[in-house]
Amino acid sequence: MLWAEGVRHSFGAVPALEDVTFTLPAGHTLALFGPNGAGKTTLLKVLAGLIRPRAGRAGVAGGRGAIGWIGHQSLLYGQLTVRENLRFWGALYRVRPEVRESRLATLAGRLDLGPFLDRRVATLSRGQGQRAAVARALIHDPTVLLLDEPFTGLDRVAASELSELVRGFAGAGDGRATILVTHNVDEGTDLATDIGILKAGRLVELAPRGTRTAREVGERYRRAVS
């Protein structure tokens, strides 16, 4: 479903990824932890096809069109309304108009977009913009989600709804997979089937979560990066 083989990348003389190799099967959610600068965002961008690695290979079943991406930028156009943005992205992914409108309505309800669906994105708060970005990532019904700190800026209610969306996405039983980058060990562990830890560009741990609690994962993380 998702794979990387011997991936290396650097920015000038600064290494970002060092020989990263893993496979994530369908039906799995990988919570990826690591300190700032560990290479988490770079790895997601390599998987998404936004960065070509200097060595190695990486890919996603179904190609770039199968990916839903939530990163540090919303990828929404400020001069357009939320509704116009979602229609634009749906059309870009060639979603049929009637299907697009149905998904738009469903996502608007689940993410409580209704009060600002027809407002320009430039006028939204940080949390409202993040909720709109989540809808943008899901409008084409992707089979792979790549999430880079998706809970940033969300209030408790919106964060809870996003958690349920991610849980439902992974548990849909139709060949989906998720990688979640987060500093929130409690949230990440709760959603994960697998735990990964990046340190200085190296994947120092990748293992099933099993019965480990967030506290146990947090302790293992602290040992791994110390």
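Helices (H or I, at least four residues) and strands (E, at least two) are DSSP runs, numbered from the N terminus. With those labels in hand, let's look for the empty spaces in this protein.

What you see above is a predicted model, so local features need a pLDDT of at least 70 and side-chain atom pairs count only at 80 or more, while totals for chains, interfaces and linings use all residues. Residues are numbered from 1 along each chain as its sequence is written, and side-chain values use heavy atoms, with hydrogens and water left out.

**Confidence**

pLDDT is the predictor's confidence in each residue, from 0 to 100. The protein averages 92, and 98% of the residues score at least 70. Helix H2 has the highest mean, at 97, and H5 the lowest, at 81.

**The cavity**

On a 1 Å grid over the protein atoms alone, a cavity is a set of points where a 1.4 Å probe fits but cannot get out; a pocket is an open set with protein on both sides within 12 Å along at least five of seven lines; and lining residues have an atom within 4 Å of a point. Grid points are joined across faces, edges and corners, and a volume is the space filled by probe spheres set on the points.

How many cavities of 30 Å³ or more does a search of the whole structure find? Just one turns up, with a volume of about 40 Å³. Its lining is made of Ile70, Val134, Leu138, Leu145, Leu147, Leu162, Leu165 and Val166. Helix H4 (126-138), strand E6 (144-148) and helix H5 (156-170) each give at least two residues to that lining, and H5 has the largest share, with three. For classes, Ala, Val, Leu, Ile, Met, Phe, Trp, Tyr, Cys and Pro count as nonpolar, Asp, Glu, Lys and Arg as charged, and the others, Gly among them, as polar. The cavity lining has eight nonpolar residues, no polar and no charged ones.

**The pockets**

| Pocket | Volume | Lining by class |
|---|---|---|
| Largest | about 420 Å³ | nine nonpolar, seven polar, four charged |
| Second largest | about 260 Å³ | six nonpolar, two polar, five charged |

In the largest pocket, 20 residues form the lining, and Leu50, Arg64, Trp69, Leu75 and Arg136 lie nearest the centre. The second largest pocket has 13 lining residues, with Leu107, Leu138, Asp141, Leu165 and Phe169 nearest its centre. Helix H3 (97-110) and H5 each supply at least two residues of this second lining.

**The helices around them**

Buried means under 20% relative accessible area, exposed over 50%, and partly exposed in between (1.4 Å probe, protein chains only). Is H4 largely enclosed or open? H4 is largely enclosed by the rest of the structure, because 12 of its 13 residues are buried. Among them are Val134, Arg136 and Leu138.

H3 buries Arg100, Leu104, Leu107 and Ala108. Looking down the axis of H3, these fall within an arc of 100° (taken from the directions from the helix axis to the C-beta atoms), so they line one face of the helix. The face turned away from that buried side carries the exposed Glu98 and Gly109.

In H5, the buried residues include Leu162, Leu165, Val166 and Phe169. Down the axis of H5, the buried residues fall within an arc of 160°, so they too line one face. Arg156 and Val157 are exposed on the other side of H5.
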